[in-house]
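Visitor: I'm new to this one. Can you walk me through it?
Guide: Gladly. Let's put it on screen and start with some vocabulary.

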Amino acid sequence: MGDCPNIREGDEDLLLSQRRRILEKCCDCANFKRDLKRFCENGHPLASVFSLVHDEHQRQKTQIQSLVSFLDNKTLEVRFLHELGSVLQSSVDLEEVLSVALTAITAGKGFGMNRAILLLTDRSHAQLKGYLAIGPRNYEEASQVWDEIASNDMDLQTLAQNFRLNKLSAERAKFHDILEQLSVPLDATDHILIKALDGKHPLLIEDAFHHPDVTPGLASLLGVDTFLLMPLHSRNRRIGLIIADNCITHHRISDEDMLSLETFTFPVAFAIERASLYDRLQLELNRVTEASNKLQEQQELIVRMEKMALVGRITSSIAHSIRNPLMIIGGFARSILKSTPASDPKRDFIESIVSETRQLEGVLDEILNYSDSLYPTRDFWDVNRVVETAIRDLQDRLIQRGCECRFEPEANLPQAYIDIKQVSYCLRTLILNDIDGRTGENIRIQISGNSDSIQVSIADKDRNVSQDELDSLLTPFSISHDIGNGLGMALCRTMLDKQGIPLVVIAPPEGGITYTITLPTHKEEPS
Amino acid sequence: MSRLLVVDDEANIRLLYAEELKDEGYEVVTAANIAEAMEKLQEGAFDLAVLDIKLKNESGIELLQQLVKERHNMPVILCSAFSCYKDDFSAWLADGYVVKSGDLTELKHEIARVLAKKAQKAKTGL
């Protein structure tokens, strides 16, 4: 580049401006310094002026370079705070916020402290308690972690995520001993941690082992001579405190570090409070949701109970409205029968009245015994006999309807532990429900079982039942003309439920309906 | 001859009870409600009362409580369409409980049992 030894490749533009060339290169040039020295030695009258101007230029140049360096650092710091703020603002997860905050303090690209310990205020116990810590415990671990971080150029969010996912639990366990002991009552205003918390500004503790405000226990627990206490406040609420130190490198904590960290604590405190509130909100929301679900269940229960209460009122009304006339008819029929000679041709009619009223009273008893279904009386019974008896009781009605009911007893079955009266009633109701208002039905009853349970299935292949009818089947007074008035079925279900006996009704689209009840063979109470 | 008071709001039931119980050898007086029952009780003594629980708008249980209070020597048998009253503690005051039926055998047995118990009590003083 010509005769000038300071202009090198890339400095070509300086050849176009003599002014820039002189300011940027000549002042530092060895030739210029040599010429200036000779100039002074020769006693030129302007030599002292040149020297003065040159020195002042050099001084200002150095100052400007220092300012540029400071501004560069501040720019990096602002960028970092911006990144930190963005990450904190986007999170409402407490663990994530804490991970970001502590990572920011200890990450090299952040504040570069060696270790950070977070304490949070526990209002319910009026204490400041150790919650989380991050950092190496010794030099070996430190070099390993720092090498790892240096080899992976990650941004703050990625670093924090990595910490949260892979290291949070381990760090908690690693610092468990310290965190456990870091617990100070909030009203212990003489304690250095509470003083710092109340002071609202970062507090640098130096010479901790001889510091008048630091207890030997705390100094010994932290194991460092110098540490920084940074209170976290949000809207005048004491959120917590961060203890940061350089326990490995023992680098000095400068005033500038403290100022930067103070700026950092505001968004952190706010984010922690917001995340804590969100946690509580989520907790409350879960409680409200749970309460809402319970309320819905209760409402459904009330609706069911109201329906069943209606059943109770109806049966009560039946009791009074039907039993009295039945009693009068039956009673007088018996009176007449007593005085009717055996040879009287009308005696058969009277006997029929007595017999029918007795049967009706029996049916009425069964309905009125609904309330008794709440307290079933169970014992061991032969299910084959129970089914046979139920069919025999209905024989007349089956014949009248032209219905065929097939049943083959199953050998080697254990006895079932049931309330025979209620189960018999249920079997009769299921069979009757099937033939109600119909003729020519073919009902097949099958029994199968093992040592634990016995299944009784009542199937009618010819019956078609829609889903709506199936749904209303077990609801009291949900009338289905096709499958009866539903009252008996509802009673069946209540009775069986009380005994822990499931009733399953299957009506496949291709047709047919099957009722299956599973009877227990052991004495265990239903769960 | 034991004298019975039958209280029921149904005229036909009163008639049925009266006929059947007379055949059993009892003297039977009937009443349709509490006021009438109290009136009959004022007119003469009874060995036993048979009360229906549902007396239209009145309650046989109330009458039972009144009788236990005022005439504790007269046993009472409750007769009702509802078996559930058996478990009602207020019905425990009665000496017997029968669920209504066209077959009066149970009622007759209960009357005989309660009267025998009363006689035994009078005899032994226990």
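Guide: Helices (H or I, at least four residues) and strands (E, at least two) are DSSP runs, numbered from the N terminus. Keep in mind that this is a predicted model: local features need pLDDT of at least 70, side-chain atom pairs count only at pLDDT 80 or more, and totals for chains, interfaces and linings use all residues. Residues are numbered from 1 along each chain as its sequence is written, and chains are lettered from A and ligands numbered from 1 in the order in which they are written.

Visitor: Okay, pick a residue. Where is T121(A) found?
Guide: T121(A) sits in strand β1 of chain A.

Visitor: Is T121(A) buried or exposed?
Guide: T121(A) is buried, because 20 other C-beta atoms lie within 10 Å. The rule: a residue is buried if 20 or more other C-beta atoms lie within 10 Å of its own, exposed if 12 or fewer, and partly exposed in between, with C-beta atoms placed from the backbone.

Visitor: Which residues is T121(A) in contact with?
Guide: Contact means that two C-beta atoms, placed from the backbone, lie within 7 Å. Leaving aside neighbours within four places in sequence, T121(A) is in contact with L128(A), L186(A), R238(A), I239(A) and G240(A). Take R238(A): it is 117 residues from T121(A) along the chain, yet their C-alpha atoms are separated by 6.9 Å.

Visitor: How many helices and strands are there in chain A?
Guide: Chain A has 17 helices and 13 strands. Of its 527 residues, 26% are buried. Among contacts between residues at least 6 apart in sequence, 65% join residues at least 24 apart.

Visitor: Now the inside. How many residues has the largest nonpolar core?
Guide: The largest nonpolar core has 54 residues. Such a core is a set of buried Ala, Val, Leu, Ile, Met, Phe, Trp, Tyr and Cys residues joined through C-beta atoms within 7 Å. Those with the most contacts inside this one are I105(A), A116(A), L118(A), L229(A), L241(A), I242(A) and A244(A). Helix α4 (residues 94-106) of chain A gives the most to this core, with eight residues.

Visitor: Why would nonpolar side chains be buried together?
Guide: In soluble globular proteins, they tend to be. That is a general tendency.

Visitor: And what is I242(A) in contact with?
Guide: Neighbours within four places aside, I242(A) is in contact with I105(A), A116(A), I117(A), L118(A), M230(A) and L232(A). There is also a second, separate core of 38 residues, which includes V354(A), Y26(B), I61(B) and V98(B).

Visitor: So there's a chain B. How many residues of chain B are in contact with chain A?
Guide: 16 residues of chain B are in contact with 18 residues of chain A. Helix α1 (residues 11-23) of chain B gives the most to chain B's side, with five residues. That side divides into six nonpolar, four polar and six charged residues. Here Ala, Val, Leu, Ile, Met, Phe, Trp, Tyr, Cys and Pro count as nonpolar, Asp, Glu, Lys and Arg as charged, and the others, Gly among them, as polar.

Visitor: What is chain B built from?
Guide: Four helices and seven strands. From the N terminus on, they run β-α-β-α-β-β-β-α-β-β-α. Of the 126 residues of chain B, 38% count as buried.

Visitor: What is the mean pLDDT of chain B?
Guide: The mean is 88, and 90% of the residues of chain B reach 70 or more. pLDDT is the predictor's confidence in each residue, from 0 to 100. The model scores ipTM 0.84 and pTM 0.44.

Visitor: Back to chain A. Anything odd in the backbone?
Guide: Most residues other than glycine have a negative phi. A126(A) has a positive phi of about 50 degrees although it is not a glycine. Its place is in the loop between β1 (115-122) and β2 (127-134) of chain A. H250(A) has a positive phi too, of about 60 degrees. H250(A) is in the loop between β6 (237-245) and α11 (255-338) of chain A.

Visitor: Is H250(A) buried or exposed?
Guide: H250(A) counts as exposed, because it has 11 C-beta neighbours inside 10 Å. A126(A) is exposed as well, with 11 other C-beta atoms within 10 Å.

Visitor: Last one. How many residues of α2(A) are buried?
Guide: Zero of its twelve residues, so α2(A) is hardly covered by the burial rule. Just after α2(A), G43(A) takes a positive phi of about 75 degrees.
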